[in-house]
Amino acid sequence: MPELARNYWLSTQTGRRFSFDAGALCLEFATTGGEGARQAWETLHQPSDLASWAARSRLGAATRIEPHAMALTPGDLADAVLLREAIWFAATDLALARQPRRADLQAINRAASSAPMVPAIGMTDRQRTWVTPVTGAQLLSTVARDAIELFTGPNAARIRQCAGPMCSLVFVDTSRPGRRRWCSMERCGNIDKQRALRARRRPGPEGGPPGISDGRRPGAGAGRPG
Ligand SMILES: [Zn+2]
């Protein structure tokens, strides 16, 4: 599997960036936008956006991808959006200990059935590269295969939804202790820390103990990413 992409980030609706370690390529892909409320943080507007995402994903971090070396069409973008919904919902179901929908698993299998991106070794520098041009079907197959690896492997039990009360981001907890709760400490982790601080400073009723943070109080979150 490709190595962790350094400095991978998402943007809030106000354009503020926060670092986000999805823990897996397929979940980096799943959090590029979506349907319904997730439309607010859509990043894939045209085929070239898909190429830009691939270049900055952990796939591109492990082996450089030049966006101009990808041959992507509007049809690929439409397929990408369908695959993204399938991965998002299947991952969310797994995070919430539910059985993923059959249609979502079928969509992932369908994308994975195409040939994936092909690695190559440079003739003189012996550096790893990709055979280009990379097609949309190859990119989506690579992402879908990553989802199959994740959903069927030991880390499937480590797929989590952020504990932020207004946040639905999903990630794989790859930390050794396995106690990661937040999409990002910069975002939901920090909001919770501030809230706990405020609760501690506020005197309890009739001089009782200060408020206890349970991390789930409604209204304390910053909304979904956008
Ligand atoms: Zn969050």
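**Exercise 1. The largest nonpolar core**

Which of the 51 residues in the largest nonpolar core touch the most other members? Name also the elements that supply this core.

Solution. The structure is a predicted model.

Step 1. The residues that touch the most other members are Cys26, Leu27, Leu83, Ile87, Ala91, Ile108 and Val143.

Step 2. At least two residues of this core come from each of helix 1 (25–30), helix 2 (47–56), helix 4 (74–95), helix 5 (102–112), helix 6 (136–152), strand 8 (170–172) and helix 7 (185–201). Helix 4 gives the most, with ten residues.

Step 3. Take Ile87, one of the residues named in Step 1. Leaving out residues up to four places away in sequence, Ile87 touches Cys26, Phe29, Ala30, Ile108 and Ala147.

**Exercise 2. Overall composition**

State how many helices and strands the protein has, what share of its residues is buried, and what share of the contacts with a separation of 6 or more is due to residues 24 or more positions apart.

Solution.

Step 1. The protein has seven helices and eight strands.

Step 2. Of its 226 residues, 34% are buried.

Step 3. Among contacts with a separation of 6 or more, 60% join residues 24 or more positions apart.

**Exercise 3. Helix 4 against helix 5**

Describe how helix 4 and helix 5 pack, and classify their relation.

Solution. Two packed helices are described by the angle between their axes and the distance between the axes.

Step 1. For helix 4 and helix 5 the angle is about 130° and the axes are 8 Å apart.

Step 2. An angle from 65 to 115 degrees would count as roughly perpendicular and one over 145 as roughly antiparallel. Helix 4 and helix 5 are therefore oblique to each other.

Step 3. The crossing of helix 4 and helix 5 is left-handed.

Step 4. Helix 4 contributes Leu82, Leu83, Ala86, Ile87, Phe89 and Ala90 to the contact, and helix 5 contributes Asp104, Leu105, Ala107, Ile108 and Ala111. By class, the contact of helix 4 with helix 5 has ten nonpolar residues, no polar ones and one charged.

**Exercise 4. Helix 5 against helix 6**

Repeat the analysis for helix 5 and helix 6, giving the angle, the distance between axes and the residues in contact.

Solution.

Step 1. Helix 5 and helix 6 pack at an angle of about 130°, and their axes are 7 Å apart.

Step 2. Helix 5 and helix 6 are therefore oblique to each other, and their crossing is left-handed.

Step 3. From helix 5, Ile108, Ala111 and Ala112 take part; they meet Leu140, Ser141, Ala144, Arg145, Ala147 and Ile148 of helix 6. The residues of the contact of helix 5 with helix 6 divide into seven nonpolar, one polar and one charged.

**Exercise 5. Helix 4 against helix 6**

Is helix 4 roughly parallel or roughly antiparallel to helix 6?

Solution.

Step 1. The angle between helix 4 and helix 6 is about 5°, with the axes 10 Å apart.

Step 2. Angles under 35 degrees count as roughly parallel. Helix 4 is therefore roughly parallel to helix 6.

Step 3. On the helix 4 side the contact holds Asp76, Asp79, Ala80, Leu83, Ile87, Ala90 and Leu94; on the helix 6 side, Gly136, Leu140, Val143, Ala144, Ala147 and Phe151. By class, the contact of helix 4 with helix 6 has ten nonpolar, one polar and two charged residues.

**Exercise 6. Backbone exceptions**

Locate Ala97, Arg126 and the cis peptide bond from Thr132 to Pro133.

Solution. Most residues other than glycine have a negative phi, and most peptide bonds are trans.

Step 1. Ala97 has a positive phi, near 55°. Ala97 lies in the loop between helix 4 and helix 5. With 8 other C-beta atoms within 10 Å, Ala97 is exposed.

Step 2. Arg126 also has a positive phi, of about 55°, although it is not a glycine. Arg126 is in the loop between strand 4 (119–121) and strand 5. With 7 other C-beta atoms within 10 Å, Arg126 is exposed.

Step 3. The peptide bond from Thr132 to Pro133 is cis, with omega near 0°. Pro133 is placed in the loop between strand 5 (128–130) and strand 6 (134–135).

**Exercise 7. Classifying Ala137**

Assign a burial class to Ala137 from its C-beta neighbours inside 10 Å.

Solution.

Step 1. Ala137 is found in helix 6.

Step 2. A residue is buried at 20 or more other C-beta atoms within 10 Å, and exposed at 12 or fewer. Ala137 has 19 C-beta neighbours inside 10 Å, so Ala137 counts as partly exposed.

Step 3. Ser113 is 24 residues from Ala137 along the chain, and their C-alpha atoms are separated by 9.4 Å.

Methods. Residues numbered from 1 in each chain as written. Predicted model: local features only at pLDDT ≥ 70, side-chain atom pairs only at ≥ 80, totals over all residues. Core = buried A, V, L, I, M, F, W, Y, C linked by C-beta atoms within 7 Å. Helix = DSSP H or I, 4+ residues; strand = E, 2+ residues; numbered from the N terminus. Contact = placed C-beta atoms within 7 Å. Axes fitted to C-alpha atoms, helices over the stretch in contact; angles between N-to-C directions. Left-handed = near helix turned anticlockwise from the far one by under 90°. Nonpolar A, V, L, I, M, F, W, Y, C, P; charged D, E, K, R; others polar.
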